[in-house]
Amino acid sequence: MAMSIGSLSVFIVCFMSVLRSSASHPLYNNYLSPKFYEKSCPNAEQIVKSVVQNAVMKEARMAASLVRLQFHDCFVKGCDASLFLDDSAKIVSEKNSNPNKNSARGFEVIDQIKSELEKACPRTVSCADILIIAARDSVVLSGGPSWEVTLGRRDSTSASLQGSNNNIPAPNSTLQTLITKFKRQGLNEVDLVALSGSHTIGQSRCTSFRQRLYNQSGNGQPDFTLEKSYSNKLRSICPQSGGDNNLSPLDAVTPTKFDNYYFKLLVSNRGLLNSDEVLFTKGQGKTMETVKLYSEQEEVFLKQFVESMIKMGNISPLTGNQGQIRTNCRSVL
């Protein structure tokens, strides 16, 4: 059927409006591409991998630390490397937030990667993209799945201490708080469970799980959902006072291997953090079912983990002429 000039004009206006609203959606961006640096810095991914590989060989825990950095960056203003900015006259660093202070680590590895990339391809590869590649490589080096990363993000010129404090779930979060904070980022309950599966590697400080051992509900009683022998073991690591920085693996069976044991432990009430265990014990449906599924079918977990990592990596990236390409990840140009 023929369309009049007037109708065509209305159609074009409406179509452009849909495009603009889609492009601003936190999970939609058509500027990112796996081949973004194909001509400008063809060895970018190999350079990142080499530095990450050396870091993980020196300390296996570093793999988990780098994956965690992506989560803590992307949940605040999107995946824009705002987390890396140090305090300055104009910047109040996210590193000082409650979730990050004395906890977030791996910044020196990012610095080293950036230094190597600046030698090879000056002012080309963003700190935001470095983190996306490094997190993927950390999973692979821990025995987990690989995936193609899309690149082309640019770096923020600001940070948000308030956003970091408000958006990143605490280790004692309730299930509803977890669901709400993930939903804010466009992530659903399946993404929540799958991304929590990154806790199959890494360690946590005593200060993050002490409450479960001694005063779960503010009445001086422990969390009775915690399996008793595991609780006793944790008490030997984490006293009621002192020892804040004592470490316990998030997955006590295969702490450096990226597998589905994290979920097997949740099903047996041996999740370390409250925010881990509530996915199963407080799950009224979706999260409980998903934990159980992943505990039984590792390949299903690994497939969804990849999808959810890609989804998280696409939260509100700066692209095109937005932001900048920092030469030092710790400071704006």
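This report covers the disulfides, aromatic contacts, largest pocket and largest cavity of a predicted model.

## Disulfides overall

Four disulfides turn up in a search of the whole structure. Number the bonded cysteines in sequence order, and the pairing reads 1-4, 2-3, 5-8, 6-7. Three of these links are described below, one at a time: Cys41 with Cys121, Cys127 with Cys329, and Cys206 with Cys238.

## Cys41 and Cys121

Cys41 is joined to Cys121, with an S to S distance of 2.0 Å. The angle about the S-S bond is 70°, and the link of Cys41 and Cys121 is right-handed. Cys41 sits in the loop between α1 (5-23) and α2 (44-58), while Cys121 sits in the loop between α4 (107-120) and α5 (127-141), so the bond ties together parts that are 80 residues apart in sequence.

Are these two cysteines buried or exposed? Cys41 is buried, at a relative accessible area of 1%. Cys121 has 9% relative accessibility, and under 20% counts as buried, so Cys121 is buried too.

## Cys127 and Cys329

A second disulfide runs from Cys127 to Cys329, S to S 2.1 Å. With -100° about the S-S bond, the Cys127 and Cys329 link is left-handed. This pair connects distant parts of the chain. Cys127 belongs to helix α5, and Cys329 to the segment after α14 (298-313). They are 202 residues apart.

Cys127 is buried, at 0% relative accessibility. Cys329 is buried as well, at 2%.

## Cys206 and Cys238

Cys206 and Cys238 form another disulfide, S to S 1.9 Å. The link of Cys206 and Cys238 is right-handed, with 65° about the S-S bond. Cys206 lies in helix α9 (residues 206-214) and Cys238 in the loop between α10 (228-237) and β2 (247-249), so the bond ties together parts that are 32 residues apart in sequence. Both Cys206 and Cys238 are buried.

## The largest pocket

How much space lies in the largest pocket? About 870 Å³. The pocket is lined by 42 residues. The closest to its centre are Arg68, Phe71, His72, His199 and Leu273.

Several elements give two or more residues to this lining: α3 (61-74), α7 (175-184), α8 (189-196), β1 (203-205), α9, α12 (274-281) and α14. Helix α3 supplies the largest share, seven residues. By class, the lining of the pocket has 18 nonpolar, 17 polar and seven charged residues.

## Aromatic pairs

There are 13 aromatic pairs in the structure. One of them brings back a residue from the pocket: Phe71 pairs with Phe75. Their centres are 4.6 Å apart and their planes meet at 75°, an edge-to-face arrangement. Phe75 is buried, with a relative accessible area of 0%.

Trp147 and Phe305 form a pair too. Their ring centres are 6.2 Å apart and the planes stand at 80°, so the Trp147 and Phe305 pair is edge-to-face. This pair links distant parts of the chain, 158 residues apart. Trp147 lies in the loop between α5 and α6 (161-167), and Phe305 in helix α14. Both Trp147 and Phe305 are buried.

## An aromatic cluster and two charges over rings

Which residues form one aromatic cluster with Trp147 and Phe305? They are Phe258, Tyr262, Phe263, Tyr294 and Phe301.

Lysines also meet rings in this model. The charged end of Lys95 sits over the ring of Phe107, 4.3 Å from its centre. The charged end of Lys264 sits over the ring of Tyr261, 5.7 Å from its centre.

## The largest cavity

How many cavities of 30 Å³ or more does the structure hold? The structure holds one. The largest cavity has a volume of about 80 Å³.

The cavity is lined by Gln70, Ile132, Trp147, Glu148, Val149, Thr150, Arg153, Met309, Ile310, Gly313 and Asn314. Trp147, part of the aromatic cluster, is thus among the lining residues. Helix α14 gives the most to the lining of the largest cavity, with three residues. By class, the lining of the cavity has five nonpolar, four polar and two charged residues.

Technical notes
Residues numbered from 1 in each chain as written. Predicted model: local features only at pLDDT ≥ 70, side-chain atom pairs only at ≥ 80, totals over all residues. Heavy atoms only, no water. Disulfide = S-S within 2.5 Å. Helix = DSSP H or I, 4+ residues; strand = E, 2+ residues; numbered from the N terminus. Buried < 20%, exposed > 50% of the residue type's maximum accessible area, 1.4 Å probe, protein only. 1 Å grid on protein atoms, 1.4 Å probe; cavity = no way out; pocket = protein on both sides within 12 Å on 5 of 7 lines; lining within 4 Å. Points joined across faces, edges and corners; volume = space filled by probe spheres on them. Nonpolar A, V, L, I, M, F, W, Y, C, P; charged D, E, K, R; others polar. Phe/Tyr/Trp six-rings, centres within 6.5 Å; stacked < 30°, edge-to-face > 60°. Lys NZ or Arg CZ within 6 Å of the ring centre and 35° of its normal.
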